[in-house]
Amino acid sequence: MRVLGVDPGLTRCGVGVVEGVAGRPLTMLGVGVVRTPADAELGHRLVAIERGIEEWLDQHRPEFVAVERVFSQHNVRTVMGTAQASAVAMLCASRRGIPVALHTPSEVKAAVTGSGRADKAQVGAMVTRLLRLDAPPKPADAADALALAICHIWRAPAVNRLQQAHAAAAGAGTRRVPRTPAVPVRKVPR
């Protein structure tokens with residue numbers, strides 16, 4: 001399975017491609033950051049992010065795209081920019097028919113480090129170890145993108161089994177079950 005992880009952001013949008021399957025050593029195929037100038041107009045920044053993501057999709061041809069799910073922060077301006085960059089990544093993948101998965105930061109941290117409260121340094125250290133790299137990817141956005149891809153590779157088999165079980169249960173619920181004939185009720189005189 002080849003996954004493009006995207007850590008969305010307007011100034012720095014982390015991207016990383018990991019290939020492998022759960023339970024086997026993983027391989028990093030590429031890592032980087034799509035950057036936009038903070039003083040550029042929003043529309044131009046979003047177009048730059050789109051072009052950057054499209055280049056990564058062209059170059060690496062992932063089977064899945066894993067994007068960090070945007071969560072509410074105190075700074076609404078920051079969360080809006082993150083959500084906009086996230087939407088661009090989802091649009092680029094969906095336009096090509098590539099399935100998109102969203103993972104929360106705590107899911108990614110838990111998958112990679114074992115703790116949903118791990119800090120950036122711990123995530124970077126584990127990504128380095130899991131991918132057998134010489135040093136943690138810089139900046140942290142790049143390491144986070146790789147962590148997203150790793151998380152998806154490890155979680156996808158379980159999620160697929162869960163979805164199949166739900167589909168089977170829903171299918172079973174729509175089948176007609178033969179009814180037993182109604183037994184007439186007789187009133188007993190008093």
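This passage describes the fold of one protein chain, its helix packing and two buried residues.

The structure is a predicted model, in which local features need pLDDT of at least 70 and side-chain atom pairs count only at pLDDT 80 or more, while totals for chains, interfaces and linings use all residues. Residues are numbered from 1 along each chain as its sequence is written, and side-chain values use heavy atoms, with hydrogens and water left out.

The protein chain holds five helices and five strands; these are DSSP runs numbered from the N terminus, with H or I over at least four residues for a helix and E over at least two for a strand. Read from the N terminus, the order of elements is β-β-β-α-β-α-β-α-α-α. Of the 190 residues, 36% count as buried, where buried means under 20% relative accessible area, exposed over 50% and partly exposed in between, for a 1.4 Å probe and protein chains only. Among contacts (heavy atoms within 4.5 Å) with a separation of 6 or more, 62% come from residues 24 or more positions apart.

Helix 1 covers residues 42-60, and the expected span of its 19 residues at 1.5 Å a residue, 27 Å, agrees with the 27 Å between its end C-alpha atoms. The expected span is 1.5 Å times one less than the number of residues. The buried residues of helix 1 are Arg45, Ile49, Gly52, Ile53, Glu54, Trp56, Leu57 and His60. Their cover includes strand 1 (2-7), strand 2 (12-19), strand 3 (27-35), strand 4 (64-68) and helix 2 (76-95). Just after helix 1 comes Arg61, with a positive phi near 45°.

Helix 2 fits its expected span as well: its 20 residues should reach 28 Å, and its end C-alpha atoms are 28 Å apart. Buried here are Val79, Gly81, Thr82, Ala85, Ser86, Val88, Ala89, Cys92 and Ala93, with strand 1, helix 1, strand 4 and strand 5 (100-103) included in what covers them. Gly97 follows helix 2 and has a positive phi, near 80°.

The axes of helix 1 and helix 2 come within 9 Å and cross at roughly 40°. Axes are lines fitted to C-alpha atoms, for helices over the stretch in contact, and angles between N-to-C directions run from 0 to 180 degrees. The two helices are therefore oblique to each other; angles under 35 degrees count as roughly parallel, over 145 as roughly antiparallel, 65 to 115 as roughly perpendicular and the rest as oblique. On the helix 1 side, Leu42, Leu46, Ile49, Glu50, Ile53, Glu54 and Leu57 meet Gln84, Ala85, Val88, Ala89, Cys92, Ala93 and Arg95 of helix 2.

Helix 3 (residues 105-113) packs against helix 4 at about 50°, with the axes 9 Å apart, so this pair is oblique too. Lys109, Val112 and Thr113 of helix 3 meet Gln122, Val123, Met126, Val127 and Leu130 of helix 4.

Two buried residues complete the picture. Thr128 sits in helix 4 (residues 120-130) and counts as buried at 11% relative accessibility. Leaving out residues up to four places away in sequence, Thr128 touches Leu133, Asp134, Ala135, Pro136 and Pro137. His103 lies in strand 5, and its 5% relative accessibility makes it buried. Beyond its neighbours within four places in sequence, His103 contacts Ala66, Val67, Glu68, Arg69, Val108, Leu148, Cys151, His152 and Arg155.
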